[in-house]
Amino acid sequence: MNIEDITGTYSIIGSNQDALENTYNGFLTLEIDSNNRILAKWNIHSDQEQIGSGFFKDNILVINFSYLGEDSNTYKGVVVYKCISKDILAGFWSEEYGDPLYLGTENCFRVKNEKELLN
C-alpha cells in the first residue's frame, strides 16, 4: 500500500480512553499535503471537529491531533492506525489528559458512496 491508497473518507467507530469504554462514531477524512504528509479531520457525533497531521510508513499511519473541548481548552493526542487494507484502518489513541491506564480505540471503514455520509 502507498499513501495515496488511504486518502478519502471513513466511517469511524471508537471507544474513549476510560474504564467505561464509552463509544462514539463519526467520520474521518484523510488527505495528502504538498510535503506528502497526511492531513486528517474527524467529525465526531456531528458536533466535535478534530484536526491532525501525520505520516504513513509500512502500512502504519501515525497522526498527532488536537481539538477544542467544551471547556474551551485545546486537547492534544496521538492516534496510530494499522492499515489492514485501503478500506479498513484499526487504531488506538491517547490524549495528554486522558486516563493513562487506558487507550482509546478506533476502527475506520472507507465510505464508498455519499449515502453512507448521510446516515
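**Opening note.** A residue is called buried when its relative accessible area is under 20%, exposed when the area is over 50% and partly exposed in between (1.4 Å probe, protein chains only). The model is predicted, so local features need pLDDT of at least 70 and side-chain atom pairs count only at pLDDT 80 or more, while totals for chains, interfaces and linings use all residues. Residues are numbered from 1 along each chain as its sequence is written, and side-chain values use heavy atoms, with hydrogens and water left out.

**Overview: the protein chain holds one helix and eight strands.** Helices (H or I, at least four residues) and strands (E, at least two) are DSSP runs numbered from the N terminus. Starting at the N terminus, the order of elements is β-β-β-β-β-β-β-β-α. The C-alpha trace of the protein chain spans about 35 × 30 × 25 Å along its principal axes. Of the chain's 119 residues, 34% count as buried.

**Close-up of W42 and F65: an aromatic pair between strands β3 and β5.** Rings of Phe, Tyr and Trp (its six-membered ring) pair if their centres lie within 6.5 Å; planes under 30 degrees apart are stacked, over 60 edge-to-face and the rest tilted. There are four aromatic pairs in the structure. In one of them, the ring centres of W42 and F65 are 5.8 Å apart and the planes stand at 65°, so this pair is edge-to-face. Because W42 lies in strand β3 and F65 in strand β5, the contact ties together parts that are 23 residues apart in sequence. W42 counts as buried, with a relative accessibility of 2%. F65 also counts as buried, at 7%. Ring pairs join W42, F65 and W93 into a cluster.

**Close-up of Y75 and Y97: an edge-to-face aromatic pair.** The two ring centres of Y75 and Y97 are 6.0 Å apart, and the angle between the planes is 90°. Y75 is in strand β6 and Y97 in the loop between β7 and β8 (104-110), so that the pair links distant parts of the chain, 22 residues apart. Is each partner buried or exposed? Y75 is buried, with a relative accessible area of 17%, whereas Y97 counts as exposed at 62% relative accessibility.

**Close-up of β5, β6 and β7: β5 pairs with β6, and β6 pairs with β7.** Two strands pair if DSSP finds at least two bridges between them. Nine bridges connect β5 and β6, which pair in the antiparallel sense. Across this pairing, F65 stands opposite G77 in β6. β5 and β6 form a hairpin with five residues between them, and S72 in the turn has a positive phi of about 70°. The pairing of β6 with β7 is likewise antiparallel and has eight bridges. Here V79 stands opposite W93 in β7, and the hairpin that joins β6 to β7 runs through two residues.

**Close-up of strand β8: side chains alternate between two faces.** G104, E106, C108 and R110 point to one face and are buried. T105, N107 and F109 point to the other face and are not buried. Strand β8 has six bridges to β1 (residues 8-15), with the two running antiparallel. In that pairing S15 stands opposite T105 in β8. Strand β7 is also antiparallel to β8, and six bridges join the two. G104 in β8 is the bridge partner of W93.

**Close-up of K112: a residue in the loop between β8 and α1 (114-118).** K112 counts as exposed, at 62% relative accessibility. K112 and I13 are 99 residues apart in sequence, and their C-alpha atoms are 16 Å apart in space.

**Close-up of the largest pocket: 16 residues form the lining.** On a 1 Å grid over the protein atoms alone, a pocket is an open set of points where a 1.4 Å probe fits, with protein on both sides within 12 Å along at least five of seven lines; lining residues have an atom within 4 Å of a point. The largest pocket holds about 260 Å³ of space, the volume being the space filled by probe spheres set on the points, which are joined across faces, edges and corners. Which lining residues lie nearest the centre of the largest pocket? They are N16, Y24, I44, Q48 and Q50. At least two lining residues come from each of β2 (23-32), β3 (38-44), β4 (48-57), β5 (60-68), β6 (74-85) and β7 (88-95).
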